[in-house]
Structures are given as structure tokens and as C-alpha cells.
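Subject: Structure handover and notes

Hello,

Here is the structure you will be taking over. My notes follow below it.

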Amino acid sequence: MTHPQILVTVDGLPVSGAFFDRLVSLTITDREGIRSDTLDLVFNDAPPHFQSPRRGAVVMVTILSGVGGFVGAYVVDRVEFSCLPYTITVKGHSADLRSEMKANKTKHWDDASVKDIVAEKAGDYGLEAKISDAVSGYVYEWIGQQDESDLHFLERLAERHGALFTIKNGSLLWLERGTGKTAGGTAIPPAVVLMPSIIEGSCRMSETDVDRFAKVKAYWQDRKGAKRQEVVVDADPEASGEHVLRDPYSSREEAESAARAAAREMMRGLVETSCSIIGRPALMAGQPVIYAGVRPLVDGREFILETVRHSFTKSGGLRTAFTGKLKAG
């Protein structure tokens, strides 16, 4: 059981002892990609009733332990009051995910690289752009954002080029998906999960034959020939059949990039893991992890974390649960 130091501020002010006296549980969920990270707080609201953080408040949470720490800021977007028994549930989303990013826009670019476009979008919101060259070099003769939010447009662009798009701690990250590398291309050392830290009955690794295909096909529009062309790439050599990407692409190079990205994600999804361990607040989504001393076929396989959930209760201390897919080869 891990009992870390937890520091909380609401709108920049440290909380009082009453906050922790009434706190039943605190849960932080960190997700890979643009799905919003979340905060859940549950309080005992027995009389005299408790004044919880209001909607719109900014809650900063810091979790410190001997194996690293976590810091995150969240905007409260929901407060629920339950009666008999009296509890208050406070929910919030990442403060990095701004509402204006969800507004639909129309715009286009001529002769612009993916890196140019992503950097421009980051600048629009005052975010620092950290962009991997491996998934941002493609140059579009023309690309349009038509009645589409910036979040949806960037997510669509990321899918086409095998990128992971996320916003964390004031930075827009555009990384090579599934590789566990920084924007600069440096491999992140994997966190090691040892058997003594695993909560009994929680560790799983699965291998599946579902959604296996030998090939991935994508279509692109040949403007000169005024007809649709196709490109096919290899995927799983032990499977049969063909997976077809429905979206049309602007060139052969873009179609091939999208097809290869889809093939990599298909192979990663064949092997998945989930586990709960004694609290490790430094673990985060997108980080590589390996098991050691668990069992053959599980030990040593490197996974990229997709979801990490840190949960604290007074009785159970801090626990960390995660899910992940096999690291891209």
C-alpha cells in the first residue's frame, strides 16, 4: 500500500484540512491522444454539509511518492450531489483542452508541410509545438479544413500520418504513434513492472486473431488522370484478406503513409495488456512499460500505455491501473 503526499489547489489557493477530511476518493485518468484527461473527486457530505469546488474552478493536483510524481490541472465541469447517504462527486477535464478548440472553422493551406500546419495550430492557442520529424514531413499541395474543429482536423491529420496528437502541460505534442519516442526521436526508457508490485488477479496479457489482415489498401485521387488509384501494403504475413481504408487521399505518398500507419496499428492491437499495481504516480499514457519476473511470454515484451488511472483512497492508499498495446516494431 502506498500513501503518497497529495497537494491540491483550487483557483490557485491551497485547500484546507476539511478538504482532505471529507475526501473519500481521488481518481486521475491519463489517456493517450486527444481524449481529455479527467479528474474525479468524491467527498463525504454528511451534515454539516461540505462546500465543494464549484463548476469552472481550476483544480491543480500534485501526487508525490518515493517513485516519482504527477502534476495535472483540471477545470471542474460537473458537480453531483447525492442524498442519503450524502456525497458530492466533482468531475473535471484537463485544463489544456480548451473549449475554443472544439469550434468549427474553415481554412485551407497551399504547399504546406504537416509540420507547418501543426506548428501554426499550436501557435493559435499559445502552445509550445513539439513535433516529430518522422511523421510531419509530408507536404500538401492543398489541404482544407471545412466546417471542422481544430481538434477533429488535427486528429484526422494525425491518423493519416501515423502520428499521436495530444496536448499536455501547455505543449502540443505530435509524436510517432506507438514507438515510445520523444518528439526529438529519443527512445523513452521503459518503466519496469515487477511481480511484487502487481495487485493480485489484475495482470492480463491477451493475444487475438480478430481484425488480422494480410494487406491494407488505400485509395488516392489521380488528378492528372482524373481517376481513383489504389495502393496496397503488407500487414500481417500470417493472416489473409485485405483491410480497406475508406477515406480518399490526395496523393500516392499520402495514401501509402496512411496504409502503413494502419498496418502498424493493426499489428500492435493483436497483443494488449492491463494491470493494477501499487501506486506509481510517475506512470503516464504514451510511456513504454515492460514486465519482469511475472512469467515467460509476458516478461520483456514492451507495451505503450494507452490509459493510466491513479486512484487514491484513505483505506487503500494509491493504486495505478493501466492498459496498453504492444510497441510498434
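A salt bridge here is a side-chain nitrogen of Lys or Arg within 4 Å of a carboxyl oxygen of Asp or Glu. This is a predicted model, in which local features need pLDDT of at least 70 and side-chain atom pairs count only at pLDDT 80 or more, while totals for chains, interfaces and linings use all residues. Residues are numbered from 1 along each chain as its sequence is written, and side-chain values use heavy atoms, with hydrogens and water left out.

Salt bridges

Side chains of opposite charge can pair when their charged atoms come close. The whole structure holds 22 salt bridges. One of them joins lysine 168 to aspartate 30, with 2.5 Å between the closest N and O atoms. Lysine 168 sits in strand 11 (residues 163-168) and aspartate 30 in strand 3 (residues 23-31), so this pair links distant parts of the chain, 138 residues apart. Helices (H or I, at least four residues) and strands (E, at least two) are DSSP runs, numbered from the N terminus. Both lysine 168 and aspartate 30 are buried, where buried means under 20% relative accessible area, exposed over 50%, and partly exposed in between (1.4 Å probe, protein chains only).

Another salt bridge is formed by aspartate 236 and arginine 212, their closest N and O atoms being 2.5 Å apart. Aspartate 236 is in the loop between strand 16 and strand 17, and arginine 212 is in the loop between strand 14 (204-207) and strand 15, so the pair ties together parts that are 24 residues apart in sequence. Aspartate 236 and arginine 212 are both buried.

In a further pair, glutamate 230 and lysine 217, the closest N and O atoms are 3.6 Å apart. Glutamate 230 belongs to strand 16 and lysine 217 to strand 15, so the salt bridge ties together parts that are 13 residues apart in sequence. Glutamate 230 counts as partly exposed because its relative accessibility is 41%, whereas lysine 217, at 12%, counts as buried. Through shared partners, salt bridges also join Asp30, Asp37 and Lys168 into one network.

The three-stranded sheet and helix 4

Strands of a sheet pair through backbone hydrogen bonds, either parallel or antiparallel. Two strands are taken to pair if DSSP finds at least two bridges between them. One open sheet has three strands in the order 16-15-17, with mixed pairing. Strand 16 (227-234) and strand 17 (242-249) are at the edges with a single partner strand each, so one side of each has no neighbour in the sheet. From one strand to the next, the twist averages 25°. Strand 15 (residues 215-222) pairs with strand 17 in the parallel sense over five bridges, and tyrosine 219 has proline 248 in strand 17 as its bridge partner.

Helix 4 (residues 252-268) lies across strand 15, strand 16 and strand 17, and runs at about 160° to strand 15. For such angles, axes are lines fitted to C-alpha atoms, for helices over the stretch in contact (heavy atoms within 4.5 Å), and angles run from 0 to 180 degrees between N-to-C directions. The buried residues of helix 4 include Glu254, Ala255, Met266 and Arg268.

Strands 3, 4 and 7

Strand 3 and strand 4 (38-44) run antiparallel and are joined by six bridges. Threonine 27 has aspartate 40 in strand 4 as its bridge partner. The hairpin of these strands has six residues between them, and glycine 33 there takes a positive phi near 85°. Strand 4 is also antiparallel to strand 7 (residues 87-94), with seven bridges, and threonine 38 stands opposite histidine 93 in strand 7. Five of the seven residues of strand 4 are buried, so the strand is largely enclosed by the rest of the structure.

Glutamate 32 is in the loop between strand 3 and strand 4. Glutamate 32 is buried, with a relative accessible area of 7%. Outside its neighbours within four places in sequence, glutamate 32 has contacts that include Leu164, Arg177 and Ile304.

Nonpolar cores

A nonpolar core is a set of buried Ala, Val, Leu, Ile, Met, Phe, Trp, Tyr and Cys residues joined through side-chain atoms within 4.5 Å. The largest has 26 residues, of which Ile117, Val118, Leu157, Phe165, Leu172 and Trp174 touch the most other members. Helix 3 gives the most to this core, with five residues. Apart from it lies another core of 22 residues, among them Ile28, Phe43, Val59 and Val76.

Regards
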